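This briefing walks through one protein model, topic by topic, for a reader who is new to looking at structures. Please keep the sequence and the 3D view side by side while reading.

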Amino acid sequence: MSLHVIVPGLWTVQRGHRLLESIEADIRHALPSVTVFTHLESLIDPASWDDTSLDRTETPPLESPAKYPQQSSDGDAPLLKK
């Protein structure tokens with residue numbers, strides 16, 4: 001899981017880091033098998049908003065299974081385009 005956390009620009013790095021450690025611990029407690037990557041962003045830095053789409057992916061709409069390729073005979077799952 002990748003998470004960008006935007007905090008007030010006047011926060012110290014230490015304060016932001018403490019918040020991220022707390023968020024990561026809460027996520028790991030709720031979802032033990034998840035690896036968490038956090039990235040601290042400043043609310044007052046316009047560049048903080050430039051990368052908001054980096055980690056986002058669209059979930060494909062639910063469709064009939066017949067529209068997806070069948071698994072190949074050698075057991076490899078088909079690759080689906082995002």
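Isoleucine 44 is a convenient place to begin, and this residue lies in the segment that comes after strand 2, which spans 37–42. The model is a predicted one, and in it isoleucine 44 counts as exposed, because its relative accessibility is 61% and the cut-off for that word is over 50%. Although isoleucine 44 and glycine 9 are 35 residues apart along the chain, their C-alpha atoms are separated by 5.2 Å.

**Overall layout**

- The protein contains 1 helix and 2 strands, and a reader who follows the sequence meets them in the pattern β-α-β.
- Of the 82 residues in the protein, 12% are buried, while the accessible surface of the protein comes to about 7,100 Å², with 58% of that area belonging to carbon and sulfur atoms.
- When the contacts with a separation of 6 or more are considered, 55% of them in the protein are between residues 24 or more positions apart.

**A nonpolar patch on the surface**

- Isoleucine 44 returns here, since Ile6, Leu10, Leu43, Ile44 and Trp49 make a nonpolar surface patch of about 570 Å².
- Tryptophan 49, one of the residues of this patch, has its place in the segment after strand 2, and tryptophan 49 is described as partly exposed because its relative accessible area is 46%, a value that falls between the cut-offs of 20% and 50%.

**The end of strand 2 and what follows**

- Glutamate 41 is found in strand 2, and glutamate 41 counts as buried because its relative accessible area is 9%, where buried means under 20%.
- The side chain of glutamate 41 makes a polar contact, at 3.2 Å, with the side chain of histidine 4.
- Serine 48 is found in the segment after strand 2, and with a relative accessibility of 3% serine 48 counts as buried.
- The side chain of serine 48 reaches the backbone oxygen of serine 42 at a distance of 2.7 Å, and, if neighbours within four places in sequence are left aside, serine 48 is in contact with Glu41 and Ser42.

**The salt bridge in the helix**

- How many salt bridges does the structure hold? The structure holds 1 salt bridge, and the pair that forms a salt bridge is arginine 28 with glutamate 24, whose closest N and O atoms are 3.6 Å apart.
- Both arginine 28 and glutamate 24 lie in helix 1, which covers residues 13–30, and they are 4 residues apart, which is about one turn of the helix.
- Is glutamate 24 buried or exposed? Glutamate 24 is buried, because its relative accessible area is 12%, whereas its partner arginine 28, at 37% relative accessibility, counts as partly exposed.

**The start of the chain**

- Methionine 1 has its place in the segment before strand 1, which spans 2–7, and with a relative accessible area of 43% methionine 1 is partly exposed.
- Which residues does methionine 1 touch, not counting residues up to four places away in sequence? Methionine 1 touches Ile27, Leu31, Val34, Thr35, Val36 and Phe37.
- One of these residues, phenylalanine 37, is 36 residues apart from methionine 1 along the chain, and the C-alpha atoms of the two are separated by 6.1 Å.

**Confidence in the model**

- The pLDDT averages 74 over the protein, and 61% of the residues score at least 70.
- Among the elements of the protein, helix 1 has the highest mean pLDDT, at 96, and strand 1 has the lowest, at 90.
- Over residues 64–82 the pLDDT is below 50, and this stretch has 12 contacts in the model beyond near neighbours in sequence.

Technical notes: Residues are numbered from 1 along each chain as its sequence is written. This is a predicted model: local features need pLDDT of at least 70, side-chain atom pairs count only at pLDDT 80 or more; totals for chains, interfaces and linings use all residues. Side-chain values use heavy atoms; hydrogens and water are left out. Buried means under 20% relative accessible area, exposed over 50%, partly exposed in between (1.4 Å probe, protein chains only). Contact means heavy atoms within 4.5 Å. Accessible areas come from the Shrake-Rupley method with a 1.4 Å probe; for residues, only the protein chains shown count as cover. A salt bridge is a side-chain nitrogen of Lys or Arg within 4 Å of a carboxyl oxygen of Asp or Glu. A polar contact is a pair of N or O atoms within 3.5 Å; within protein, one must be able to donate a hydrogen and the other to accept it, and residues adjacent in sequence count only if both atoms are side-chain atoms. Patches are made of residues with over 30% relative accessible area and no salt bridge: like charges are joined within 9 Å, nonpolar side chains (Val, Leu, Ile, Met, Phe, Trp, Tyr) within 5 Å. pLDDT is the predictor's confidence in each residue, from 0 to 100.
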